[in-house]
Amino acid sequence: MKDVLRTKKNNNKKKTNYQKKVNYAAHGYSGNFTLSTLDRHYEKDLSLDEAKELLRKCVHEMKTRFLINLPDVIVRLIDKDGVQFITL
């Protein structure tokens with residue numbers, strides 16, 4: 001993966017953004033819990049069923065450690081065929 005360094009000029013001020021390209025990401029507070037699961041189990045060429053199983057592990061981790069009860073998680077699969085909702 002390549003790291004990208006971008007510089008913008010806004011109102012005569014220079015702003016530098018350091019961006020790193022990654023294979024996966026987890027956002028928000030729950031990302032603190034799920035990144036370790038992704039680090040441990042992610043592989044480059046996962047099948048759809050393997051990816052679903054990995055997402056199940058991440059959701060289990062969130063439900064175990066997150067302070068708020070999360071009833072359902074909505075998953076969208078984005079591929080060459082468009083956007084689909086999938087169930088875990």
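Start at the second largest pocket, whose volume is about 290 Å³; a pocket here is an open set of points on a 1 Å grid over the protein atoms alone, where a 1.4 Å probe fits, with protein on both sides within 12 Å along at least five of seven lines, and lining residues have an atom within 4 Å of a point. Grid points are joined across faces, edges and corners, and a volume is the space filled by probe spheres set on the points. This is a predicted model, in which local features need pLDDT of at least 70 and side-chain atom pairs count only at pLDDT 80 or more, while totals for chains, interfaces and linings use all residues. Residues are numbered from 1 along each chain as its sequence is written, and side-chain values use heavy atoms, with hydrogens and water left out.

**The second largest pocket**

Select Thr34, Leu55, Cys58, Met62 and Val73, which lie nearest the centre of this pocket among its 15 lining residues. Helix H1 (31-41) and H2 each supply at least two residues of the lining, and H2 gives the largest share, 4 residues; helices (H or I, at least four residues) and strands (E, at least two) are DSSP runs, numbered from the N terminus. By class the lining has 11 nonpolar, 4 polar and no charged residues, where Ala, Val, Leu, Ile, Met, Phe, Trp, Tyr, Cys and Pro count as nonpolar, Asp, Glu, Lys and Arg as charged, and the others, Gly among them, as polar.

**The largest pocket**

Move next to the largest pocket, with a volume of about 500 Å³. Of the 21 residues that line the largest pocket, select Ala51, Leu55, Val75, Arg76 and Leu77, the closest to its centre. The elements that give two or more residues to this lining are helix H2 (48-65) and strand E3 (75-79). The lining of the largest pocket divides into 14 nonpolar, 2 polar and 5 charged residues.

**The whole chain**

Zoom out and colour by secondary structure: the chain has 2 helices and 4 strands, and from the N terminus on its elements run β-β-α-α-β-β. Of the 88 residues of the chain, 17% count as buried, a term that means under 20% relative accessible area, with exposed over 50% and partly exposed in between (1.4 Å probe, protein chains only). Among contacts in the chain with a separation of 6 or more, 22% are made by residues 24 or more positions apart, where contact means heavy atoms within 4.5 Å.

**Along helix H2**

Select H2 and check its length: at 1.5 Å a residue its 18 residues should span 26 Å, and its end C-alpha atoms are 26 Å apart, which agrees; the expected span is 1.5 Å times one less than the number of residues. Within H2, highlight Lys52, Leu54, Cys58, Val59, Glu61 and Met62, which are buried, and then show H1 and strand E4 (82-86), which are included in what covers the buried residues of H2.

Which residues does Glu61 contact, leaving aside its neighbours within four places in sequence? Glu61, buried with a relative accessible area of 18%, is in contact with Phe33, Thr37 and Phe66.

**Across to helix H1**

Follow that contact to Thr37, which is in helix H1 and counts as buried at 4% relative accessibility. Not counting residues up to four places away in sequence, Thr37 touches Tyr42, Leu54, Lys57, Cys58 and Glu61. A distance label between the C-alpha atoms of Thr37 and Leu55, 18 residues apart along the chain, should read 9.3 Å.

**Aromatic pairs**

Now show the aromatic side chains, which form 3 aromatic pairs in the structure; rings of Phe, Tyr and Trp (its six-membered ring) pair if their centres lie within 6.5 Å, and planes under 30 degrees apart count as stacked, over 60 as edge-to-face and the rest as tilted. The rings of Tyr24 and Tyr42 have centres 5.1 Å apart and planes at 50°, so this pair is tilted. The pair links distant parts of the chain, with Tyr24 in the loop between strand E2 (13-20) and H1, and Tyr42 in the loop between H1 and H2, 18 residues apart. Tyr24 is partly exposed at a relative accessible area of 26%, and Tyr42 is partly exposed at 25%.

Select Tyr29 and Phe33 next: their ring centres are 5.6 Å apart and their planes at 90°, so the pair is edge-to-face. Phe33 counts as buried at 17% relative accessibility, and adding Phe66 to the selection completes one aromatic cluster of Tyr29, Phe33 and Phe66.

**Last stop**

Finish at Asn23, in the loop between E2 and H1, which is partly exposed with a relative accessible area of 43%. The C-alpha atoms of Asn23 and Glu43, 20 residues apart along the chain, are separated by 9.3 Å.
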